[in-house]
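This briefing collects local packing and pairing details for one protein chain. Please read it beside the sequence and the coordinates.

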Amino acid sequence: MLYPQQNRIRQALDLSGFWQFQLDPEGVGEAEGWARGLPAPRTIAVPGSWNEQFADTRDYLDAAWYATVVEAPPSWRGQRVFLRVGSANYAAAVWVNGAPVGAHEGGHLPFACDVTEHLSWDGPTSIAIRVDNTLLPSRVPPGAAGGGAAGFLRGYPATTFDFFPYAGLHRPVILYAVPPLHLADVTVTTTVEDGTGVVRVTARASEPWAGAGALTLAAETGPITAALAFADGRAEATLRVPGARLWGPGDPHLYPLTVALHDDGRVADTYTLEVGIRTVEVRGDRLLLNGEPIFLKGFGKHEDFPVNGRGLNLPLLVKDNALLKWIGANSYRTSHYPYAEEALRLADREGILIIDETPAVGLGFADDEGLIRQRREQCLRQIDELVARDKNHPCVIGWCVANEPFPAAFGQPANEDDPAVKIGLDFLDALAARARALDPTRPVTISALHGTPLSWLRLCDIVCLNRYYGWYTQAGQPAAGTAVLARELDDVHAALGKPLALTEFGADTIAGHHSIPPEMFSEEYQVEFLRGYLDVAAARPFVVGLHVWNFADFKTAQGIIRPGGLNQKGVFTRDRRPKMAAHFLRERWGGGAPG
Ligand code: BDP
């Protein structure tokens with residue numbers, strides 16, 4: 001699905017702003033006709049989570065309705081008009097002028113509804129979106145009834161994951177118009193042959209159409225063009241860019257590529273993408289970018305900020321990228337769900353490498369078979385939608401199809417003969433296979449918990465490990481923790497011969513709390529902990545990446561292991577002030593000037 005674009009043919013109207021909002025705890029809205037108008041609305045900001053905008057909605061996760069009105073420009077008549085919701089967490093249903101136009105499940109990926117037939121052309125059109133984020137075991141991520149932390153560790157709201165279950169319209173809602181015959185999709189892949197960039201483009205039209213089109217890539221030496229011949233709505237062409245400037249952290253050069261569709265000799269539709277020419281490859285136990293070994297320095301992050309919740313926050317994206325540069329990082333993982341498209345576009349421009357993760361967190365395999373089947377369908381759909389959305393971003397260097405799946409009980413070492421291990425293997429194999437089938441150009445991984453069966457790790461191109469030796473185990477003894485870590489890395493590498501990355505390791509740290517000798521929760525302990533992991537990795541060339549958990553403190557459910565409702569493993573506070581660890585990492589990673 002192409003991100004809506006405003007150009008001389010395509011029109012896009014961003015509906016971000018103040019909407020009407022009403023909770024529907026009894027689920028009566030549809031029967032009572034709320035799709036045509038909310039009986040007792042209040043005002044809410046879109047995008048944004050509803051949880052932090054009002055005091056009474058913090059823990060509310062059931063249905064709520066959003067409504068607005070818009071006047072469609074008369075010049076759009078005769079076009080096809082879509083309503084695109086960037087992210088509605090978790091499930092959404094949409095009405096236009098009271099008529100149902102679509103529904104979607106899965107909170108972090110966009111969907112679009114064709115609303116052409118439902119718009120008013122002589123007055124306002126009403127739009128209503130019902131969103132609910134009820135924590136159900138059949139959803140992905142699953143609600144706590146299907147597993148997760150048990151007993152005294154369980155927080156409120158009852159998630160199976162360690163971040164707050166923010167709800168609402170988290171990204172822009174965009175109304176856009178395209179010609180009846182239009183470009184429905186474009187896929188770009190790049191390789192490099194003897195310094196020549198090879199850009200392969202596949203374009204798909206909105207119908208099984210035959211006709212002509214063109215590609216134009218703006219190279220520094222002038223435009224490079226190719227003709228497109230559509231047959232059955234599909235066309236392919238290859239562009240060659242001699243002496244291409246290869247995209248990477250040092251020089252994130254983007255070539256504008258315009259795809260045009262010609263009907264009756266005129267340009268019927270056109271779409272422009274920013275193309276980074278680069279290759280990503282796993283060879284032996286190394287990760288290569290443009291044929292050279294690359295070491296990933298960075299973080300697991302979250303979309304999280306006071307008041308915005310998980311809502312798109314453009315200044316924060318800019319600030320975070322500047323802090324990544326300041327600290328000397330070159331990458332992050334979109335833990336534990338796909339981030340806003342705007343984040344990826346910025347990363348394309350700034351040369352930040354991204355491991356793009358699906359929302360598959362908190363998956364266990366000792367549950368009811370029917371639930372597992374439902375989650376599997378949802379996970380596969382989310383991979384389809386994620387790859388469709390993000391395939392053209394040079395910043396995306398890999399797909400992570402699950403975070404910390406666990407066989408029977410969370411964190412318990414697994415025995416390969418355990419039936420839950422086999423069920424999990426089959427499930428995860430299907431996810432990895434789907435990602436590879438959709439996109440053979442990028443490595444696939446799973447971020448794996450301590451005790452993950454080797455058979456699951458074998459599914460990964462890069463073996464990503466989340467480890468907390470010296471925190472959840474070997475508590476208070478960072479050196480004992482790193483000794484365990486060193487042994488395990490050597491064992492896993494000997495068994496699999498693949499590149500390893502540590503995609504999580506960290507220690508909760510209360511900013512301003514100090515102690516000598518270092519004690520848990522102090523800034524000194526966080527530095528000692530991270531130093532140990534960095535040293536172990538530095539001595540092992542097969543470790544190709546280090547992502548500290550976490551970039552910044554972030555909100556979680558309330559519970560006894562999360563004082564203040566925060567996970568405090570950030571090297572920055574939630575409002576982006578550096579802890580001692582940030583300065584330590586900057587020194588180790590050779591960070592730059594303040595951005
Ligand atoms: C890992 C999870 C991550 C948590 C982290 C922690 O992947 O979401 O926030 O542990 O406990 O298990 O800090």
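The points below cover a sheet, a helix pair and two residues.

The model is predicted. Its antiparallel open sheet has six strands, and helices H7 and H8 cross at roughly 25 degrees. Ser-515 and Arg-389 are treated one at a time, with Ser-515 placed in the loop ahead of H7 and Arg-389 in helix H3.

**Sheet**

- The strand order across the open sheet is S3-S2-S4-S10-S7-S8, with antiparallel pairing.
- Strand S3 (42-46) and strand S8 (99-105) are the edges, since each pairs on one side only.
- From one strand to the next, the twist averages 30 degrees.
- Within this order, S2 (residues 17-23) and S4 (residues 64-70) run antiparallel and are joined by four bridges.
- Gln-20 has Ala-67 in S4 standing opposite.

**Helix pair H7 and H8**

- Two packed helices are described by the angle between their axes and the distance between the axes.
- For H7 and H8 (residues 580-589), the axes come within 8 Å and cross at roughly 25 degrees.
- H7 is therefore roughly parallel to H8, because angles under 35 degrees count as roughly parallel.
- The H7 and H8 crossing is right-handed.
- On the H7 side, the residues that meet H8 are Glu-523, Glu-524, Gln-526, Val-527, Leu-530, Arg-531, Leu-534 and Asp-535.
- On the H8 side, the partners are Met-580, Ala-581, Phe-584, Leu-585, Arg-588 and Trp-589.

**Ser-515**

- Ser-515 lies in the loop between strand S29 (500-504) and helix H7 (523-538).
- Its relative accessibility is 12%, so Ser-515 counts as buried, the cut-off being under 20%.
- The Ser-515 side chain reaches the backbone nitrogen of Glu-519 at 2.9 Å.
- Leaving out residues up to four places away in sequence, Ser-515 touches Ser-522 and Glu-524.
- Glu-524 is also one of the H7 residues that meet H8.

**Arg-389**

- Arg-389 is found in H3, which spans residues 369-390.
- Arg-389 counts as buried because its relative accessibility is 7%, and buried means under 20%.
- The side chains of Arg-389 and Asp-390 are joined by a polar contact of 2.7 Å.
- Beyond four places in sequence, Arg-389 touches His-108, Leu-109, Pro-110 and Arg-171, among others.
- Further contacts of Arg-389 include Pro-338, Tyr-339, Ala-340, Glu-341 and Leu-344.

Definitions and conventions:
Residues are numbered from 1 along each chain as its sequence is written. This is a predicted model: local features need pLDDT of at least 70, side-chain atom pairs count only at pLDDT 80 or more; totals for chains, interfaces and linings use all residues. Side-chain values use heavy atoms; hydrogens and water are left out. Buried means under 20% relative accessible area, exposed over 50%, partly exposed in between (1.4 Å probe, protein chains only). A polar contact is a pair of N or O atoms within 3.5 Å; within protein, one must be able to donate a hydrogen and the other to accept it, and residues adjacent in sequence count only if both atoms are side-chain atoms. Contact means heavy atoms within 4.5 Å. Two strands pair if DSSP finds at least two bridges between them. Axes are lines fitted to C-alpha atoms, for helices over the stretch in contact, and angles run from 0 to 180 degrees between N-to-C directions. Angles under 35 degrees count as roughly parallel, over 145 as roughly antiparallel, 65 to 115 as roughly perpendicular and the rest as oblique. A crossing is left-handed if the near helix is turned anticlockwise from the far one by less than a right angle, and right-handed if clockwise.
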